[in-house]
Amino acid sequence: MSAWDREAIDLDGPGFIEFATDQTGQVRFIAVTGWLDCRGIERDGSPGVEFTWDGVDEGDQVSGRGWALLVDDNTLEGHLFFHLGDESSFRAKPFTSADELDEP
């Protein structure tokens with residue numbers, strides 16, 4: 001994420017964004033946990049998703065919107081916005097077994 005460093009992103013466990021096949025998903029980074037409402041899109045010939053999200057940040061209700069595009073077979077690039085607040089671009093790749101071993 002462009003707005004925060006890796007240590008901050010992984011504060012409460014590995015940061016992630018997950019898109020399910022039923023137009024839902026989840027996101028976790030820093031102290032934020034959110035649930036997504038997703039819609040498939042296509043931009044410039046690339047498949048992607050636009051989403052709104054609702055969640056908590058250290059017990060406070062937060063919400064926002066975002067988007068992500070598939071840039072190659074296993075990389076997403078996108079942007080996440082907090083309603084009336086911060087925003088950050090992000091780059092995401094699937095977890096690997098090595099990532100799982102890194103969990104505390």
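Analyst: Before we start, one cut-off is needed: a residue is called buried when its relative accessible area is under 20%, and exposed when it is over 50%, with partly exposed in between. Please also keep in mind that the model in front of you is predicted.

User: Why is Phe82 called buried?

Analyst: The relative accessible area of Phe82 is 14%, and the cut-off for buried is under 20%, so Phe82 falls in the buried class. Trp53 passes the same test, because its relative accessible area is 3%.

User: What makes the aromatic pair of Trp53 and Phe82 edge-to-face?

Analyst: The ring centres of Trp53 and Phe82 are 5.1 Å apart, and a pair needs centres within 6.5 Å, so the two rings count as a pair. The angle between their planes is 85°, and over 60 degrees is the range for edge-to-face, so that is the name this pair receives. Trp53 belongs to strand E4 and Phe82 to strand E6, so the pair ties together parts that are 29 residues apart in sequence.

User: Why is the pair of Trp4 and Phe29 called tilted?

Analyst: The planes of these two rings stand at 35° and the centres are 5.6 Å apart. Stacked would need planes under 30 degrees apart and edge-to-face over 60, so the pair of Trp4 and Phe29 is tilted. Both residues are buried, and the pair links distant parts of the chain, with Trp4 in the segment before helix H1 (6-9) and Phe29 in strand E2, 25 residues away. Five aromatic pairs are found in the whole structure, and ring pairs link Trp4, Phe29, Trp53 and Phe82 into a cluster.

User: Which residues have the most contacts inside the largest nonpolar core?

Analyst: Among them are Phe29, Trp53 and Phe82, together with Leu36, in a core of 18 residues. Several strands give two or more residues to this core, including E2 (24-29), E4 (46-57) and E6 (75-82). In soluble globular proteins, nonpolar side chains tend to be buried together. Leu36 shows the contacts well: leaving aside residues up to four places away in sequence, it touches Ile17, Val27, Phe51 and Trp53, among others.

User: What makes E1 and E7 edge strands?

Analyst: Each of them pairs on one side only. The seven strands form an open sheet in the order E1-E2-E3-E4-E5-E6-E7, with antiparallel pairing, and neighbouring strands are turned by 25° against each other on average, direction ignored. Within this sheet, E5 and E6 pair over eight bridges, and Gly64 stands opposite Phe82 in E6.

User: How do you know that the charged end of Arg65 sits over the ring of Phe81?

Analyst: The distance from that charged end to the ring centre is 3.9 Å, and the limit is 6 Å, together with an angle of within 35 degrees of the ring normal. Arg43 likewise lies over the face of Trp67, at 4.9 Å from the ring centre.

User: Why does Gln23 count as partly exposed?

Analyst: Its relative accessibility is 42%, and partly exposed lies between under 20% and over 50%, so Gln23 belongs there. Gln23 lies in the loop between E1 and E2 and has a positive phi of about 70° although it is not a glycine. Most residues other than glycine have a negative phi.

User: Why does Glu58 count as exposed?

Analyst: Glu58 has 68% relative accessibility, and exposed means over 50%, so the class follows. Its place is in the loop between E4 and E5, and its phi is also positive, at about 50°.

Note on methods: Residues are numbered from 1 along each chain as its sequence is written. This is a predicted model: local features need pLDDT of at least 70, side-chain atom pairs count only at pLDDT 80 or more; totals for chains, interfaces and linings use all residues. Side-chain values use heavy atoms; hydrogens and water are left out. A nonpolar core is a set of buried Ala, Val, Leu, Ile, Met, Phe, Trp, Tyr and Cys residues joined through side-chain atoms within 4.5 Å. Buried means under 20% relative accessible area, exposed over 50%, partly exposed in between (1.4 Å probe, protein chains only). Helices (H or I, at least four residues) and strands (E, at least two) are DSSP runs, numbered from the N terminus. Contact means heavy atoms within 4.5 Å. Two strands pair if DSSP finds at least two bridges between them. Axes are lines fitted to C-alpha atoms, for helices over the stretch in contact, and angles run from 0 to 180 degrees between N-to-C directions. Rings of Phe, Tyr and Trp (its six-membered ring) pair if their centres lie within 6.5 Å; planes under 30 degrees apart count as stacked, over 60 as edge-to-face and the rest as tilted.
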